[in-house]
Amino acid sequence: MNEIDEELNQTQTEPSAPAEPPEEEEPKKPFSDALDWVSSIVYAVAAMLVLNLFFFRSITVSGPSMLDTLEDGDQVIVTNFCYTPKYGDIVVIQANKLKPDTSEFWGEPIIKRVIAVEGDTVMINFNRGEVYLNGELLEEDYIKDLTYFRLNDSWMESGKEYTVPENCVFVLGDNRPVSNDSRNLPQIGFVDKSFIMGKAFVRVAPSDKFKWL
């Protein structure tokens, strides 16, 4: 027992190993914080450019043709991601693809409302200001005035039914008395879907008129 007690006493009295000193942190390289900050900005800008190029665009409304829904100078966000046009959509059209040789006006995108898509029939009674889709009278609470406007004989005939061709849409402005749209058969007529830049889904400016479309 004495030998065991001596071993225990030696174990208790032996000094513990000294603690290892903490590792010193590697000093930061000069300007490392600034480089991280610049890199974050570059990545953020690149992400915004990709989103803007492939998913979203900002478009400024030009002219009064979409009153009272949209006013001249309003800014809307447009997307074409997985988009298929349907009745009621507000769309932005590459006007320069319609009639590039007519005037400088057609170089600007135009914004209109989809009234009919491929296979639908459209008829306008300009005497009563009524628009029919597939034989049904449309209840258009978004228009400023009824659809009486027909500029000349080259426009759609009153009371005649038209069928929207394949891969096309029929569009009208909400402010019918001033809008140049699909009623004008020679210049606009039925719009090829490939000319649609996307659907306007929100008005972001002016900020006090923010609105989902």
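**Strand pairing and buried residues in a predicted model**

Visitor: Which residue in β9 is the bridge partner of A116?
Guide: The model is a predicted one. In it, β4 and β9 run antiparallel and are joined by 4 bridges. Within β9, A116 has as its bridge partner F170.

Visitor: How many of the 8 residues of β4 are buried?
Guide: Strand β4 has β9 as one antiparallel partner. Strand β3 (residues 90–93) is also joined to β4, by 4 antiparallel bridges, and I93 stands opposite I110 there. β4 is mostly covered, and its buried residues number 7.

Visitor: Which strand gives the most residues to the largest nonpolar core?
Guide: The largest nonpolar core comprises 16 residues, and I115, M156 and F170 have the most contacts inside it. At least two residues of this core come from each of β4 (110–117), β5 (121–125), β6 (130–133) and β9 (168–172). The greatest contribution, 3 residues, is that of β9.

Visitor: Why might such nonpolar residues be grouped in this way?
Guide: The core of 16 residues includes I115, M156 and F170. F170 touches both I115 and M156, and V114, V122 and I124 are also among the residues that F170 touches. A general tendency applies here: in soluble globular proteins, nonpolar side chains tend to be buried together.

Visitor: Is R183 buried or exposed?
Guide: R183 is located in the loop between β9 and β10 (191–192). Apart from neighbours within four places in sequence, the contacts of R183 include F126, T147, L172 and R176. The relative accessible area of R183 is 0%. Because the limit for burial is under 20%, R183 is classed as buried.

Visitor: At what distance does a polar contact join the side chains of R183 and D181?
Guide: A polar atom of the R183 side chain lies 3.1 Å from the backbone oxygen of S179. A second polar contact links the side chain of R183 to that of D181, at 2.8 Å.

Visitor: What is the angle between the planes of F149 and W155?
Guide: There are 5 aromatic pairs in the count. F149 and W155 form an edge-to-face pair with a centre-to-centre distance of 5.3 Å. R183 is in contact with both F149 and W155. The angle between the two planes is 80 degrees.

Visitor: Which of these two rings is in a buried residue, F149 or W155?
Guide: F149 has 26% relative accessibility and therefore counts as partly exposed. The other member of the pair has a relative accessible area of 4%. With a cut-off of under 20% for burial, the buried residue is W155.

Visitor: Why is the pair of F210 and W212 classed as it is?
Guide: F56, F201, F210 and W212 make up one aromatic cluster. F210 is partly exposed at 46% relative accessibility, and W212 is exposed at 60%. The ring centres of F210 and W212 are 5.6 Å apart and the planes stand at 85 degrees. Because planes over 60 degrees apart fall into that class, the pair is edge-to-face.

Visitor: Over the face of which residue does R113 lie?
Guide: R113 is one of the residues touched by F170. R113 also lies over an aromatic face, at 3.9 Å from the ring centre, and the residue that carries this ring is Y142.

Visitor: Which residue in β8 is the bridge partner of T121?
Guide: An open sheet of 4 strands has antiparallel pairing and the order β7-β6-β5-β8; its edge strands are β7 (136–137) and β8 (161–163). T121 belongs to β5, and 3 antiparallel bridges join β5 to β8. T121 is buried at 17% relative accessibility, and its contacts include Y132, L133, E161 and Y162. Its bridge partner in β8 is T163.

Visitor: Which residue in β11 is the bridge partner of V76?
Guide: Strand β2 (residues 75–79) is mostly covered, with 4 of its 5 residues buried. It is joined to strand β1 (residues 56–60) by 5 antiparallel bridges, and Q75 in β2 stands opposite T60. β2 also pairs with strand β11 (residues 196–205) in the antiparallel sense, over 5 bridges. In β11, V76 is matched with R203.

Definitions and conventions:
Residues numbered from 1 in each chain as written. Predicted model: local features only at pLDDT ≥ 70, side-chain atom pairs only at ≥ 80, totals over all residues. Heavy atoms only, no water. Buried < 20%, exposed > 50% of the residue type's maximum accessible area, 1.4 Å probe, protein only. Pairing = 2+ DSSP bridges. Core = buried A, V, L, I, M, F, W, Y, C linked by side-chain atoms within 4.5 Å. Contact = heavy atoms within 4.5 Å. Polar contact = N/O pair within 3.5 Å; in protein donor to acceptor, adjacent residues only side chain to side chain. Phe/Tyr/Trp six-rings, centres within 6.5 Å; stacked < 30°, edge-to-face > 60°. Lys NZ or Arg CZ within 6 Å of the ring centre and 35° of its normal.
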